[in-house]
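The following paragraphs lead through a single protein chain, beginning with its overall make-up and moving on to its cores, its helix packing and a few individual residues. Please keep the sequence and the model at hand while reading.

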Amino acid sequence: MKFIHAADIHLDSPLKGLARYEGAPVDDLRGATRKAFVNLIDLCLEEQVDFLIIAGDLYDGDWRDFNTGLFFSGQMSRLREGGIPVYMIRGNHDAASRITKQIPLPDNVTVFSGNRPETYLLDDLDVAIHGQSFATQSVKENIAIDYPAPIKGYFNIGLLHTSLNGREDHDDYAPCSTTELVAKEFDYWALGHIHKREIIQENPWIVYSGNIQGRHAKEAGDKGCYLVQVHNGEVELEYRSLDVLRWSVCVVDVTGAEDAEEVFRKISDTIKEEMRQADGIPLAVRLTIKGTCPAHDELTANLEQTINSIRAVVMDVSFGDIWVEKVKIHTERWQNLNHLLQTHTPLAHLLNFTQTVSEDEETLQEILDTLKPLKSVLPNDIYGEDISTLDNSDFIRSQMKEIEQILLTHLLKKEW
């Protein structure tokens, strides 16, 4: 018996942070979730799996129009023609209360109820699939505790959209413990909600497949699904990549670089290595340039020019197969700060002030309180997935460090 476990498709989700610049394939990237989903269906057909299970968040929210539903229905028809049934639950993004548009689905698709746990038996395979959808977006109770007992003589699969005991950067939905899942005595728990694949444990298998397509820089790395094969009760998992665009976060250490040209060479070497590891998958790259170096003044004198020069370097190396999502210049100036701080100059007073603020938790909290109203009125795409930084004192500390570097760069050009 063979099946595929996938989750968190987020069909037609807009990829975040798609900055437009000449040569950036923005329009192509917007269809990435659909292309990855087609790859999933192709894999089901190529492997001739017995069934496909989707552990929640097929959709990213209510459809903007009916094209999202029509696309999904068309892909399900392909599976029906191949004799492959689909079993799926709704998660927090596609809960019954959030999806207002509906179209009839092919009869090979089974969507679990959001009112109570259900069990579907595949008698020809001796498989029992148990699951419950989210009726509403915010399911805070432990729904797994009400899942039924396993069917004796069957391979029992639990389908659940959950944060387990909590996961960083994910809302705490349908919380439960690994111990509670084990106690159900199912053979395989197919989990969704967490976008990073993870095998929580074996015997029984408790598995997050992760999402099939990264949508922003916090979802970096290879994305796909698990092909699960069962022989005489023995379970074998094989990870399969599905993504059509891969996110990568690259930190380039340019410590000691004498000039911008040396910095660009280091970036070029880094990009070549990222391309090698991506095995031909187009990349969306976030670059952070860091290190104390003589090149700092040249890099920061005109940030717009530096950032676009870096884009040009990447385009030249990658022949357009890499899109630079963001460039962060976090270099520091060669300078003896201890000596500067001991002088009686306006610059020394400013530097002492920035360091005092960074060390004073009360002042940092006052700054955060001042910024808090901004979080509710600024568009999300200004900060993208980093909007949570407006609640974090470490973010303010990092900004004070950058202010310190700006002061050094510009004020040391003056005679104090």
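Of the 416 residues of the chain, 48% count as buried, where buried means under 20% relative accessible area, exposed means over 50%, and partly exposed covers what lies in between, with a 1.4 Å probe and protein chains only. The model is a predicted one, in which local features need pLDDT of at least 70 and side-chain atom pairs count only at pLDDT 80 or more, while totals for chains, interfaces and linings use all residues. Residues are numbered from 1 along each chain as its sequence is written, and side-chain values use heavy atoms, with hydrogens and water left out.

The accessible surface of the chain comes to about 19800 Å², of which 48% belongs to carbon and sulfur atoms; such areas are obtained by the Shrake-Rupley method with a 1.4 Å probe, and for residues only the protein chains shown count as cover. The secondary structure amounts to 12 helices and 15 strands, these being DSSP runs numbered from the N terminus, with helices (H or I) of at least four residues and strands (E) of at least two. Among the contacts in the chain with a separation of 6 or more, 71% are accounted for by residues 24 or more positions apart, a contact being heavy atoms within 4.5 Å.

In soluble globular proteins, nonpolar side chains tend to be buried together. A nonpolar core is here a set of buried Ala, Val, Leu, Ile, Met, Phe, Trp, Tyr and Cys residues joined through side-chain atoms within 4.5 Å. The largest one has 29 residues, and those with the most contacts inside it are Ile 4, Ile 9, Phe 37, Leu 40 and Leu 52. At least two residues of this core come from each of β1 (2–6), α2 (32–47), β2 (51–55), α3 (67–81), β3 (86–89) and β11 (224–231), and α2 gives the most, with six residues. Ile 9, leaving aside its neighbours within four places in sequence, is in contact with Thr 33, Phe 37, Leu 40, Ile 54, Gly 56, Asp 57, Leu 58 and Ile 212. Apart from this core lies another, of 25 residues, which includes Cys 250, Leu 283, Leu 299 and Val 314.

Two packed helices are described by the angle between their axes and the distance between the axes. The axes of α2 and α3 come within 10 Å and cross at roughly 15°, where axes are lines fitted to C-alpha atoms, for helices over the stretch in contact, and angles run from 0 to 180 degrees between N-to-C directions. That angle makes α2 roughly parallel to α3, since angles under 35 degrees count as roughly parallel, over 145 as roughly antiparallel, 65 to 115 as roughly perpendicular and the rest as oblique. The crossing of α2 and α3 is right-handed, meaning that the near helix is turned clockwise from the far one by less than a right angle, an anticlockwise turn being left-handed. Residues of α2 that take part include Phe 37, Val 38 and Ile 41, and those they meet in α3 include Phe 71, Phe 72 and Met 76.

The axes of α5 (residues 260–278) and α7 (residues 303–318) also come within 10 Å, but cross at roughly 45°, which makes α5 oblique to α7. This crossing, too, is right-handed, and its contact is made by residues including Phe 264, Ile 267 and Ile 271 of α5 and Ile 310, Val 313 and Val 314 of α7.

Further along, Ile 396 lies in helix α12 (residues 393–411) and counts as buried because its relative accessibility is 5%. Not counting residues up to four places away in sequence, Ile 396 touches Leu 364, Ile 367, Leu 368 and Leu 371; its C-alpha atom is separated by 8.0 Å from that of Ile 367, 29 residues apart along the chain.

Most residues other than glycine have a negative phi, and most peptide bonds are trans. Asp 8 has a positive phi near 55°; this residue is placed in the loop between β1 and α1 (26–29) and, at 1% relative accessibility, counts as buried. Gln 48, in the loop between α2 and β2, has a positive phi of about 50°, but is exposed, with a relative accessible area of 63%. The peptide bond from Asn 203 to Pro 204 is cis, with omega near 0°, and Pro 204 is found in the loop between β9 (198–201) and β10 (205–208).
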